[in-house]
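The following exercises concern the structure shown below. Each consists of a task and a solution in steps.

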Amino acid sequence: MTPVQLFADDFKPEPYWWHSTPRAQTLPIELPKEADVVIVGAGYTGLNAALQTAREGLSTLVIDAEAAGWGCSTRNGGQVSTSIKPSFNTLARRYGETVATDILREGQASLDYMHNLVQDEALDCEFKEVGRFHGAHKAHLYDALARDCAFGHPVWKTDAFMVSKAEMQSELRTDAYHGGMVLPRHCSIDVGRYHPALLERVVSAGALIKSHCKVTSLERTTTGFLVHTQDGPVRAGRVILGTSGYTGPLSSHHQRRIIPIGSYVIATEELPAELIDKLFPTDRILSDTRKLVYYYRLCPDRKRVVFGGRVSLSETDPRKSAVKLHRDMVALFPELASAKISYSWMGYVGYTFDALMHCGEDKGLFHSMGYCGSGVGMASYLGYRMGQKAAGLEKTPSPFERIPNPTRPLYSGNPWFLAPSVLVYRIRDRFGI
């Protein structure tokens, strides 16, 4: 198909999740003069923090420059895992075995938190333990995965098992992988339902949500902060920053430590059930061993393929990125060559220089950000922890508070170094190194 023919008649350059479920609406409110806690960002981090502070009786105001959930909280692929990218050995070399173990335990805690949150709050969001198939895109990488699987994990009880290339038809119908590993504890979630359901609980707890109100600066005072917004100032005893991939000059300290990386996603038109069942016999979430990762799954009703990846450095036109993603999807599944695209979108992942998330406090200014592409579970969990901390309930610091949060000389928030880095990763992916 030519690029024009790729797009369905009802194509929208917006997230599929915005149309699968009605988006959350917040009522217009007057900006209050003061609040015990002001939270910047109405995504997963901010809402999970607000749920804690509001229920502890603290007057809580959540402010977002856009509509609540406009950023990555309604743009992601709906995959939930244990969230930590560096291996135990890598972490142990950096910080020692005790801290490395604590970091990995936080990864497990984030997954456990999601289970408990959905159950305790009765959130209708299709949260399911479907497992992940992680494909080996080179033969020797299958061997590496098999060694890791046989060795086991020093902290997580993964229950992982290997699926050979000869056995793959039970998991995934593609010739692009040399087998892979199944991680049965990983989960999927309906992004379009999770954020609105969480937002409703936060509002019910008494928090105020102010959308379309940009915070322009933070000023420390003798009693806390003066939060300057486009609609006027608000006095706050404590402030929580939950902006991650959308962190800007509001806090130059954090902006210098967050690398905004574009992540791109498409959703196909509705496909025949027999084709879906042939290619995707399970409901697992899917990824592979590439450095420039693909992440994909079926939508919750099993009618569309939702396919994401890192296909551009600076492209924000979803029509252009859609062409590249469609090409990559068809390379894995040639049977999808005629599948048209109904939705295409992008969002900014908050990456860090050490590939770890970070949180903490500086004299009443709390932050949690840098989820490195694993933000559904970890943003929710660390938002909860920062909310507890701001409410005076969290006494034991997270290991992400106890490790350095690095930056680089000359970096001020514009990732000028991405182009050569991506080129290196593409070369490594080609050879599986």
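How many bridges join strand 14 to strand 15, and do these strands run parallel or antiparallel?

Solution. Strand 14 is joined to strand 15 (residues 294-298) by two bridges, and the two run antiparallel. Strands (E, at least two residues) and helices (H or I, at least four residues) are DSSP runs, numbered from the N terminus. Two strands count as paired if DSSP finds at least two bridges between them. One position to inspect is L286, which stands opposite Y296 in strand 15.

The model is predicted: local features need pLDDT of at least 70, side-chain atom pairs count only at pLDDT 80 or more, and totals for chains, interfaces and linings use all residues. Residues are numbered from 1 along each chain as its sequence is written, and side-chain values use heavy atoms, with hydrogens and water left out.

**Exercise 1. The sheet**

State the order of the strands in the open sheet and identify its edge strands.

Solution. Step 1: the open sheet is formed by nine strands in the order 1-17-13-16-15-14-5-7-6, with mixed pairing. Step 2: strand 1 (7-12) and strand 6 are the edge strands, each of which pairs on one side only. Step 3: from one strand to the next, the twist averages 25°.

**Exercise 2. Strand 13**

Which strands does strand 13 pair with, and over how many bridges?

Solution. Step 1: strand 13 pairs with strand 17 in the antiparallel sense over 10 bridges; within this pair, G262 has Y348 as its bridge partner. Step 2: strand 13 also pairs with strand 16, again antiparallel, over four bridges; here A267 is partnered by V306. Step 3: nine of the 10 residues of strand 13 are buried, so the strand is largely enclosed by the rest of the structure. Buried means under 20% relative accessible area, exposed over 50%, and partly exposed in between (1.4 Å probe, protein chains only).

**Exercise 3. Strands 10, 11 and 12**

Describe how strand 11 is linked to strand 10 and to strand 12.

Solution. Step 1: strand 10 (residues 215-220) and strand 11 pair in the antiparallel sense over five bridges, with R220 opposite F225. Step 2: their hairpin has four residues between the strands, and G224 takes a positive phi near 155°. Step 3: strand 11 and strand 12 (residues 232-241) are likewise antiparallel, over five bridges; two residues make up the hairpin connection, and T229 has G232 as its bridge partner. Step 4: four of the five residues of strand 11 (residues 225-229) are buried, so strand 11 is largely enclosed by the rest of the structure.

**Exercise 4. Two packed helices**

Characterise the packing of helix 2 (residues 44-55) against helix 6 (residues 191-204).

Solution. Step 1: two packed helices are described by the angle between their axes and the distance between the axes. Step 2: helix 2 and helix 6 pack at an angle of about 30°, with their axes 9 Å apart. Axes are lines fitted to C-alpha atoms, for helices over the stretch in contact, and angles run from 0 to 180 degrees between N-to-C directions. Step 3: helix 2 and helix 6 are therefore roughly parallel to each other, as angles under 35 degrees count as roughly parallel, over 145 as roughly antiparallel, 65 to 115 as roughly perpendicular and the rest as oblique. Step 4: residues making the contact include Y44 and L47 of helix 2 and V191 and R201 of helix 6, where contact means heavy atoms within 4.5 Å. Step 5: R201 touches L51, E121, A122 and L123, not counting residues up to four places away in sequence; its side chain reaches the backbone oxygen of A122 at 3.0 Å.

**Exercise 5. Two residues that touch F133**

Is M168 buried or exposed, and what does the side chain of S287 make a polar contact with?

Solution. Step 1: M168 lies in the loop between strand 6 (161-163) and strand 7 (180-183). Step 2: M168 counts as buried because its relative accessibility is 2%. Step 3: not counting residues up to four places away in sequence, M168 touches F133, V163, T174, Y177 and G179. Step 4: S287 lies in strand 14 (residues 285-288), and is buried with a relative accessible area of 6%. Step 5: the side chain of S287 makes a polar contact with the side chain of H134 (2.9 Å). A polar contact is a pair of N or O atoms within 3.5 Å; within protein, one must be able to donate a hydrogen and the other to accept it, and residues adjacent in sequence count only if both atoms are side-chain atoms. Step 6: beyond four places in sequence, the residues that S287 touches include F133 and Y177.
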